[in-house]
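Biologist: I have a fold open in the viewer and I'd like to learn how to read it. Could we go through it feature by feature?

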Amino acid sequence: MTNALPKFPDENDTELPSAWFEDFLKESGALLEEQPRESRVDALIPTPLAQQMETDFVSFSRAPGADALFASGSIVWERALDVALAQGTRARWHLWRPIKKTFTVNDVERDTSLVGRVKDFKAKQVYTPLALCHFHLCYISDDKREETLHVMIHPALDRGLPADPYRAAVVSQTNELDLPEETVPPAAGVYATAVRTALMEAEPRREFHRARENRRCERESARVRGFFVGAEQDLAKRLARPGLLEEKKQALTNKIRALQLEKTKKLTDVREKHRLTVQIQLVNVGVVYTPQIRGDLILESRGVSLPVTLYWDPFFNQVLLPSCPQCHGLSTRMGACPKQRRLVCAEDLNL
Ligand SMILES: [Zn+2]
(Lines give C-alpha, C1' and ligand atoms only; values in the text may rest on other atoms or scores of the structure.)
Protein backbone atom coordinates (compact mmCIF):
# COMPACT_ATOMS: atom_id res chain seq x y z
CA MET A 1 0.00 0.00 0.00
CA THR A 2 2.72 2.45 0.90
CA ASN A 3 5.32 1.52 -1.69
CA ALA A 4 5.88 2.64 -5.28
CA LEU A 5 4.05 5.94 -5.13
CA PRO A 6 3.95 7.93 -8.31
CA LYS A 7 6.69 10.52 -8.45
CA PHE A 8 5.50 14.08 -8.11
CA PRO A 9 5.94 16.66 -10.83
CA ASP A 10 8.37 19.45 -9.96
CA GLU A 11 7.21 22.92 -9.06
CA ASN A 12 7.33 24.23 -12.64
CA ASP A 13 5.07 21.47 -13.69
CA THR A 14 1.55 22.67 -14.17
CA GLU A 15 0.07 19.42 -15.29
CA LEU A 16 -1.49 16.88 -13.04
CA PRO A 17 0.03 13.57 -12.09
CA SER A 18 0.29 11.84 -15.42
CA ALA A 19 2.42 9.21 -13.69
CA TRP A 20 -0.48 8.25 -11.52
CA PHE A 21 -2.75 8.09 -14.53
CA GLU A 22 -0.27 5.97 -16.43
CA ASP A 23 0.05 3.56 -13.50
CA PHE A 24 -3.67 3.43 -13.20
CA LEU A 25 -4.04 2.52 -16.90
CA LYS A 26 -1.29 -0.10 -16.72
CA GLU A 27 -2.82 -1.69 -13.64
CA SER A 28 -6.15 -1.83 -15.41
CA GLY A 29 -4.59 -3.74 -18.30
CA ALA A 30 -4.49 -0.93 -20.86
CA LEU A 31 -2.22 -1.24 -23.87
CA LEU A 32 0.22 1.68 -23.85
CA GLU A 33 2.10 2.78 -26.94
CA GLU A 34 4.71 5.53 -26.91
CA GLN A 35 4.76 8.08 -29.69
CA PRO A 36 8.31 9.40 -29.12
CA ARG A 37 8.25 11.95 -31.91
CA GLU A 38 5.25 13.66 -30.41
CA SER A 39 6.37 12.80 -26.85
CA ARG A 40 3.03 11.36 -26.01
CA VAL A 41 1.53 8.05 -24.99
CA ASP A 42 -1.50 6.47 -26.61
CA ALA A 43 -3.49 4.07 -24.49
CA LEU A 44 -6.03 1.48 -25.58
CA ILE A 45 -8.35 0.83 -22.68
CA PRO A 46 -9.77 -2.68 -22.12
CA THR A 47 -13.51 -3.20 -22.19
CA PRO A 48 -14.72 -3.08 -18.60
CA LEU A 49 -12.72 0.06 -17.86
CA ALA A 50 -13.58 1.58 -21.25
CA GLN A 51 -17.25 1.25 -20.40
CA GLN A 52 -16.76 2.95 -17.09
CA MET A 53 -14.70 5.75 -18.59
CA GLU A 54 -16.91 5.99 -21.67
CA THR A 55 -13.91 5.95 -23.96
CA ASP A 56 -11.59 3.20 -25.16
CA PHE A 57 -8.73 5.49 -26.15
CA VAL A 58 -6.79 8.26 -24.47
CA SER A 59 -3.67 10.05 -25.50
CA PHE A 60 -1.56 11.96 -23.03
CA SER A 61 1.82 13.57 -22.66
CA ARG A 62 4.53 12.87 -20.14
CA ALA A 63 6.17 16.21 -20.77
CA PRO A 64 5.54 18.80 -18.04
CA GLY A 65 2.96 21.37 -18.97
CA ALA A 66 2.43 19.93 -22.44
CA ASP A 67 -0.95 18.41 -22.13
CA ALA A 68 -4.40 19.69 -21.43
CA LEU A 69 -5.74 16.21 -20.72
CA PHE A 70 -5.28 16.64 -17.00
CA ALA A 71 -6.56 20.18 -16.91
CA SER A 72 -8.90 21.03 -14.12
CA GLY A 73 -12.28 19.47 -14.67
CA SER A 74 -11.07 17.09 -17.39
CA ILE A 75 -13.79 14.53 -17.74
CA VAL A 76 -11.30 11.73 -18.40
CA TRP A 77 -9.47 12.56 -15.21
CA GLU A 78 -12.69 12.77 -13.22
CA ARG A 79 -13.80 9.38 -14.55
CA ALA A 80 -10.43 7.84 -13.79
CA LEU A 81 -10.76 9.07 -10.20
CA ASP A 82 -14.29 7.68 -9.97
CA VAL A 83 -13.16 4.31 -11.26
CA ALA A 84 -10.14 4.28 -8.93
CA LEU A 85 -12.39 5.09 -6.02
CA ALA A 86 -14.83 2.35 -6.99
CA GLN A 87 -11.96 -0.14 -6.89
CA GLY A 88 -11.96 0.13 -3.13
CA THR A 89 -8.95 0.41 -0.91
CA ARG A 90 -6.62 0.10 -3.89
CA ALA A 91 -7.63 3.59 -4.92
CA ARG A 92 -5.05 6.17 -3.95
CA TRP A 93 -4.19 9.63 -5.10
CA HIS A 94 -2.46 12.76 -3.96
CA LEU A 95 -3.44 16.33 -3.40
CA TRP A 96 -1.26 19.28 -4.23
CA ARG A 97 -0.99 22.44 -2.24
CA PRO A 98 2.21 24.32 -1.57
CA ILE A 99 3.00 24.69 2.09
CA LYS A 100 4.96 27.89 2.55
CA LYS A 101 4.10 28.11 6.17
CA THR A 102 6.11 27.28 9.23
CA PHE A 103 3.98 25.68 11.88
CA THR A 104 4.85 27.02 15.31
CA VAL A 105 3.57 27.06 18.88
CA ASN A 106 1.93 30.41 18.00
CA ASP A 107 -0.36 28.61 15.53
CA VAL A 108 -1.26 26.08 18.18
CA GLU A 109 -2.07 28.88 20.62
CA ARG A 110 -4.06 30.86 18.06
CA ASP A 111 -6.21 27.97 16.79
CA THR A 112 -6.63 25.90 19.94
CA SER A 113 -7.09 26.32 23.67
CA LEU A 114 -5.05 23.50 25.08
CA VAL A 115 -5.30 23.44 28.84
CA GLY A 116 -1.80 23.33 30.28
CA ARG A 117 1.70 24.19 29.18
CA VAL A 118 3.00 23.27 25.73
CA LYS A 119 6.56 21.95 25.69
CA ASP A 120 9.00 20.50 23.15
CA PHE A 121 7.03 21.48 20.06
CA LYS A 122 8.38 19.91 16.88
CA ALA A 123 6.96 20.38 13.37
CA LYS A 124 7.48 18.17 10.34
CA GLN A 125 6.00 18.28 6.85
CA VAL A 126 4.33 15.04 5.85
CA TYR A 127 1.90 13.51 3.44
CA THR A 128 -1.00 12.38 5.57
CA PRO A 129 -3.25 9.57 4.38
CA LEU A 130 -6.91 10.50 4.60
CA ALA A 131 -9.66 7.98 4.02
CA LEU A 132 -12.34 9.06 1.58
CA CYS A 133 -15.24 6.79 2.50
CA HIS A 134 -18.18 6.34 0.21
CA PHE A 135 -21.43 5.28 1.88
CA HIS A 136 -24.79 4.10 0.66
CA LEU A 137 -27.67 5.20 2.90
CA CYS A 138 -31.25 3.90 2.85
CA TYR A 139 -34.12 5.61 4.59
CA ILE A 140 -36.73 2.90 4.95
CA SER A 141 -40.37 3.18 5.99
CA ASP A 142 -43.22 1.94 3.80
CA ASP A 143 -41.15 3.38 0.98
CA LYS A 144 -37.41 3.47 0.48
CA ARG A 145 -35.19 6.44 -0.30
CA GLU A 146 -31.52 6.10 -1.07
CA GLU A 147 -28.54 8.39 -1.22
CA THR A 148 -24.79 8.24 -1.44
CA LEU A 149 -22.51 10.16 0.84
CA HIS A 150 -18.77 10.83 0.93
CA VAL A 151 -16.92 11.59 4.11
CA MET A 152 -13.25 12.40 4.56
CA ILE A 153 -11.62 10.91 7.63
CA HIS A 154 -8.31 11.87 9.19
CA PRO A 155 -7.35 8.52 10.74
CA ALA A 156 -4.47 9.82 12.84
CA LEU A 157 -6.77 12.39 14.45
CA ASP A 158 -9.75 10.01 14.47
CA ARG A 159 -12.08 12.68 13.07
CA GLY A 160 -14.02 13.70 10.01
CA LEU A 161 -13.14 16.69 7.82
CA PRO A 162 -15.22 18.52 5.24
CA ALA A 163 -14.29 16.86 1.93
CA ASP A 164 -15.10 19.79 -0.36
CA PRO A 165 -11.86 21.78 -0.10
CA TYR A 166 -9.91 18.61 -0.85
CA ARG A 167 -12.11 17.52 -3.72
CA ALA A 168 -11.74 20.90 -5.39
CA ALA A 169 -7.98 20.69 -4.97
CA VAL A 170 -7.43 17.33 -6.62
CA VAL A 171 -7.10 18.72 -10.10
CA SER A 172 -6.03 22.27 -9.48
CA GLN A 173 -2.75 22.47 -7.62
CA THR A 174 0.87 21.99 -8.50
CA ASN A 175 3.27 20.30 -6.21
CA GLU A 176 6.15 22.02 -4.49
CA LEU A 177 6.76 19.37 -1.95
CA ASP A 178 8.70 16.25 -1.53
CA LEU A 179 7.40 15.08 1.77
CA PRO A 180 7.75 11.88 3.71
CA GLU A 181 4.59 9.89 3.69
CA GLU A 182 2.86 8.69 6.78
CA THR A 183 1.75 5.09 6.80
CA VAL A 184 -1.87 4.15 6.31
CA PRO A 185 -3.54 3.25 9.58
CA PRO A 186 -5.62 0.05 9.67
CA ALA A 187 -8.98 0.50 7.98
CA ALA A 188 -10.77 -1.01 10.97
CA GLY A 189 -9.85 2.01 13.05
CA VAL A 190 -11.32 4.32 10.45
CA TYR A 191 -14.62 2.52 10.00
CA ALA A 192 -16.37 3.47 13.25
CA THR A 193 -15.34 7.10 12.90
CA ALA A 194 -16.44 7.16 9.26
CA VAL A 195 -19.88 5.73 10.07
CA ARG A 196 -20.32 8.17 12.93
CA THR A 197 -19.31 11.09 10.71
CA ALA A 198 -21.58 9.97 7.86
CA LEU A 199 -24.57 9.58 10.18
CA MET A 200 -23.88 13.00 11.66
CA GLU A 201 -23.74 14.50 8.19
CA ALA A 202 -26.91 12.71 7.18
CA GLU A 203 -28.76 13.86 10.30
CA PRO A 204 -30.61 16.81 8.67
CA ARG A 205 -31.95 14.53 5.93
CA ARG A 206 -32.77 11.82 8.42
CA GLU A 207 -34.68 14.47 10.42
CA PHE A 208 -36.47 15.56 7.25
CA HIS A 209 -37.56 12.00 6.43
CA ARG A 210 -38.54 11.38 10.03
CA ALA A 211 -40.71 14.53 10.13
CA ARG A 212 -42.27 13.58 6.80
CA GLU A 213 -43.13 10.08 8.06
CA ASN A 214 -44.54 11.55 11.29
CA ARG A 215 -46.83 13.83 9.27
CA ARG A 216 -48.01 10.95 7.10
CA CYS A 217 -48.50 8.81 10.21
CA GLU A 218 -50.64 11.52 11.85
CA ARG A 219 -52.77 11.96 8.76
CA GLU A 220 -53.37 8.24 8.40
CA SER A 221 -54.04 7.79 12.13
CA ALA A 222 -56.64 10.56 11.98
CA ARG A 223 -58.32 8.74 9.10
CA VAL A 224 -58.36 5.48 11.09
CA ARG A 225 -59.82 7.22 14.15
CA GLY A 226 -62.41 8.94 11.96
CA PHE A 227 -63.43 5.60 10.48
CA PHE A 228 -64.00 4.03 13.91
CA VAL A 229 -65.57 6.97 15.67
CA GLY A 230 -68.93 6.69 13.85
CA ALA A 231 -69.25 2.96 14.55
CA GLU A 232 -68.29 3.43 18.20
CA GLN A 233 -70.81 6.23 18.71
CA ASP A 234 -73.52 4.17 17.07
CA LEU A 235 -72.87 1.20 19.36
CA ALA A 236 -72.66 3.45 22.44
CA LYS A 237 -76.03 5.00 21.56
CA ARG A 238 -77.62 1.58 21.20
CA LEU A 239 -76.14 0.50 24.52
CA ALA A 240 -77.56 3.58 26.24
CA ARG A 241 -81.15 2.74 25.18
CA PRO A 242 -83.41 2.02 28.15
CA GLY A 243 -84.88 -1.41 28.76
CA LEU A 244 -82.19 -3.48 27.03
CA LEU A 245 -81.95 -7.14 27.92
CA GLU A 246 -78.78 -8.12 29.77
CA GLU A 247 -77.84 -10.46 26.94
CA LYS A 248 -78.12 -7.68 24.37
CA LYS A 249 -76.12 -5.33 26.60
CA GLN A 250 -73.33 -7.87 26.89
CA ALA A 251 -73.25 -8.40 23.13
CA LEU A 252 -73.00 -4.67 22.49
CA THR A 253 -70.25 -4.25 25.11
CA ASN A 254 -68.30 -7.07 23.47
CA LYS A 255 -68.71 -5.44 20.08
CA ILE A 256 -67.43 -2.12 21.42
CA ARG A 257 -64.43 -3.85 22.98
CA ALA A 258 -63.66 -5.70 19.71
CA LEU A 259 -63.94 -2.45 17.80
CA GLN A 260 -61.52 -0.73 20.18
CA LEU A 261 -59.08 -3.60 19.87
CA GLU A 262 -59.25 -3.40 16.11
CA LYS A 263 -58.69 0.35 16.19
CA THR A 264 -55.64 -0.03 18.43
CA LYS A 265 -54.25 -2.67 16.11
CA LYS A 266 -54.83 -0.50 13.03
CA LEU A 267 -53.14 2.48 14.71
CA THR A 268 -50.16 0.32 15.68
CA ASP A 269 -49.91 -0.88 12.07
CA VAL A 270 -49.92 2.71 10.82
CA ARG A 271 -47.18 3.69 13.30
CA GLU A 272 -45.14 0.66 12.31
CA LYS A 273 -45.56 1.44 8.62
CA HIS A 274 -44.18 4.95 9.06
CA ARG A 275 -41.39 4.12 11.47
CA LEU A 276 -38.17 5.25 9.84
CA THR A 277 -35.09 3.07 9.93
CA VAL A 278 -31.78 4.09 8.44
CA GLN A 279 -29.35 1.61 6.94
CA ILE A 280 -25.81 2.59 6.18
CA GLN A 281 -23.32 0.61 4.15
CA LEU A 282 -19.72 1.33 3.29
CA VAL A 283 -19.29 0.97 -0.46
CA ASN A 284 -15.60 1.73 -0.81
CA VAL A 285 -12.63 3.61 0.57
CA GLY A 286 -10.04 5.63 -1.26
CA VAL A 287 -6.83 6.84 0.29
CA VAL A 288 -5.99 10.47 -0.36
CA TYR A 289 -2.54 11.71 0.54
CA THR A 290 -2.54 15.35 1.46
CA PRO A 291 0.32 17.64 2.46
CA GLN A 292 0.12 18.67 6.10
CA ILE A 293 2.47 19.73 8.85
CA ARG A 294 2.49 17.45 11.81
CA GLY A 295 3.15 18.99 15.18
CA ASP A 296 4.29 16.88 18.10
CA LEU A 297 4.32 18.40 21.54
CA ILE A 298 4.21 17.59 25.22
CA LEU A 299 1.27 18.98 27.11
CA GLU A 300 1.96 19.46 30.80
CA SER A 301 -1.00 19.85 33.05
CA ARG A 302 -2.09 18.72 36.48
CA GLY A 303 1.00 16.62 36.98
CA VAL A 304 0.68 14.81 33.64
CA SER A 305 3.09 15.06 30.71
CA LEU A 306 1.08 13.99 27.70
CA PRO A 307 2.48 13.57 24.16
CA VAL A 308 0.03 15.18 21.70
CA THR A 309 0.03 15.10 17.91
CA LEU A 310 -1.85 17.67 15.87
CA TYR A 311 -1.77 18.77 12.24
CA TRP A 312 -1.72 22.07 10.41
CA ASP A 313 -3.69 21.80 7.18
CA PRO A 314 -3.11 24.16 4.24
CA PHE A 315 -6.60 23.60 2.82
CA PHE A 316 -8.22 24.87 5.99
CA ASN A 317 -5.32 27.07 7.02
CA GLN A 318 -5.73 25.92 10.57
CA VAL A 319 -4.56 23.55 13.24
CA LEU A 320 -6.57 20.35 13.53
CA LEU A 321 -6.97 18.62 16.87
CA PRO A 322 -8.08 15.02 17.36
CA SER A 323 -11.67 14.26 18.29
CA CYS A 324 -12.40 13.71 21.96
CA PRO A 325 -12.08 9.96 22.62
CA GLN A 326 -14.80 10.18 25.27
CA CYS A 327 -17.67 12.03 23.53
CA HIS A 328 -16.31 12.00 19.91
CA GLY A 329 -16.97 15.74 19.79
CA LEU A 330 -14.70 18.26 18.08
CA SER A 331 -13.57 20.89 20.52
CA THR A 332 -10.65 23.30 20.36
CA ARG A 333 -10.47 23.33 24.16
CA MET A 334 -8.86 20.12 25.30
CA GLY A 335 -6.71 19.00 28.17
CA ALA A 336 -4.91 16.00 29.61
CA CYS A 337 -7.06 13.51 31.49
CA PRO A 338 -4.79 12.50 34.39
CA LYS A 339 -6.53 9.16 34.94
CA GLN A 340 -6.59 7.88 31.37
CA ARG A 341 -3.55 9.85 30.25
CA ARG A 342 -5.12 11.04 27.02
CA LEU A 343 -6.35 14.27 25.47
CA VAL A 344 -10.02 14.87 26.31
CA CYS A 345 -12.35 17.82 25.67
CA ALA A 346 -12.71 20.42 28.41
CA GLU A 347 -16.33 19.50 28.97
CA ASP A 348 -15.45 15.89 29.79
CA LEU A 349 -12.70 17.15 32.07
CA ASN A 350 -15.32 19.29 33.87
CA LEU A 351 -13.31 22.44 33.31
ZN1 LIG B 1 -15.49 15.07 25.04
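Modeller: Sure, and let's start with what counts as a strand: strands here are DSSP runs of E, at least two residues long, numbered from the N terminus. By that rule, Val 287 sits in strand β9. Keep in mind throughout that this is a predicted model.

Biologist: Is Val 287 buried or exposed?

Modeller: The cut-off is a count: 20 or more other C-beta atoms within 10 Å makes a residue buried, and 12 or fewer makes it exposed. Val 287 has 20 such atoms, so it is buried. There is also a long-range neighbour to look at: the C-alpha atoms of Val 287 and Pro 129 are 6.1 Å apart, with their positions 158 residues apart along the chain.

Biologist: How confident is the predictor in all this, and where is pLDDT under 50?

Modeller: The average pLDDT is 79, and 76% of the residues reach at least 70. Residues 1–17 stay under 50, with 34 contacts in the model beyond four places in sequence. Residues 65–73 stay under 50 as well, and there the model has 19 such contacts.

Biologist: Now sheets. What order do the strands take in the sheet with β1?

Modeller: It's an open sheet of three strands, ordered β1-β2-β3 and paired antiparallel. β1 (31–35) and β3 (57–61) are the edges with a single partner strand each, so one side of each has no neighbour in the sheet. From one strand to the next, the twist averages 20°. If you want to check the register, β2 (residues 40–44) is joined to β3 by five bridges, and Arg 40 is opposite Ser 61.

Biologist: And what is the pairing in the sheet that holds β5, β12 and β13?

Modeller: Mixed: this is another open sheet of three strands, in the order β5-β12-β13. β5 and β13 are its edge strands, each pairing on one side only. Ignoring direction, neighbouring strands are turned by 30° against each other on average. You can see the mix by going pair by pair. β5 (residues 113–115) runs parallel to β12 over three bridges, with Ser 113 partnered by Arg 333 and Leu 114 opposite Met 334. On the other flank, β12 and β13 are antiparallel over four bridges, and Gly 335 faces Val 344 there.

Biologist: What links β12 to β13, and why is β12 called largely enclosed?

Modeller: The two strands form a hairpin with four residues between them, and Arg 341 in that turn has a positive phi of about 50°. As for the burial, four of the five residues of β12 are buried, so the rest of the structure largely encloses this strand.

Biologist: Then how should I read a nonpolar core?

Modeller: The general idea is that nonpolar side chains tend to be buried together in soluble globular proteins. In this model, the largest nonpolar core has 19 residues, and those touching the most other members are Leu 299, Val 308, Leu 310, Tyr 311, Met 334, Leu 343 and Val 344. β9 (277–301), β10 (304–313), β12 (333–337) and β13 (342–345) each bring at least two residues to this core, and β10 gives the most, with four. Take Leu 299: beyond its neighbours within four places in sequence, it contacts Leu 114, Gly 116, Val 118, Leu 306, Val 308 and Ala 336. Apart from this core lies another one of 16 residues, including Tyr 127, Met 152, Ile 153 and Val 190.

Biologist: You mentioned a positive phi. Which other residues should I look at?

Modeller: Most residues other than glycine have a negative phi. Asp 120 is one to look at, with a positive phi of about 50°. Asp 120 lies in strand β6 (residues 117–140) and is exposed, having 11 other C-beta atoms within 10 Å. Another is Asn 317, whose phi is near 55°. Asn 317 lies in the loop between β10 and β11 (318–320), and with 11 C-beta neighbours inside 10 Å it counts as exposed.

Biologist: Last one: how many residues of helix α7 are buried?

Modeller: One of its 28, so α7 lies largely in the open. For a geometry check, use 1.5 Å a residue: helix α7 (residues 246–273) should span 40 Å, and its end C-alpha atoms are 41 Å apart, which agrees.

Note on methods:
Residues numbered from 1 in each chain as written. Predicted model: local features only at pLDDT ≥ 70, side-chain atom pairs only at ≥ 80, totals over all residues. Pairing = 2+ DSSP bridges. Axes fitted to C-alpha atoms, helices over the stretch in contact; angles between N-to-C directions. Core = buried A, V, L, I, M, F, W, Y, C linked by C-beta atoms within 7 Å. Contact = placed C-beta atoms within 7 Å. Expected span 1.5 Å × (residues − 1). pLDDT = per-residue confidence, 0-100.
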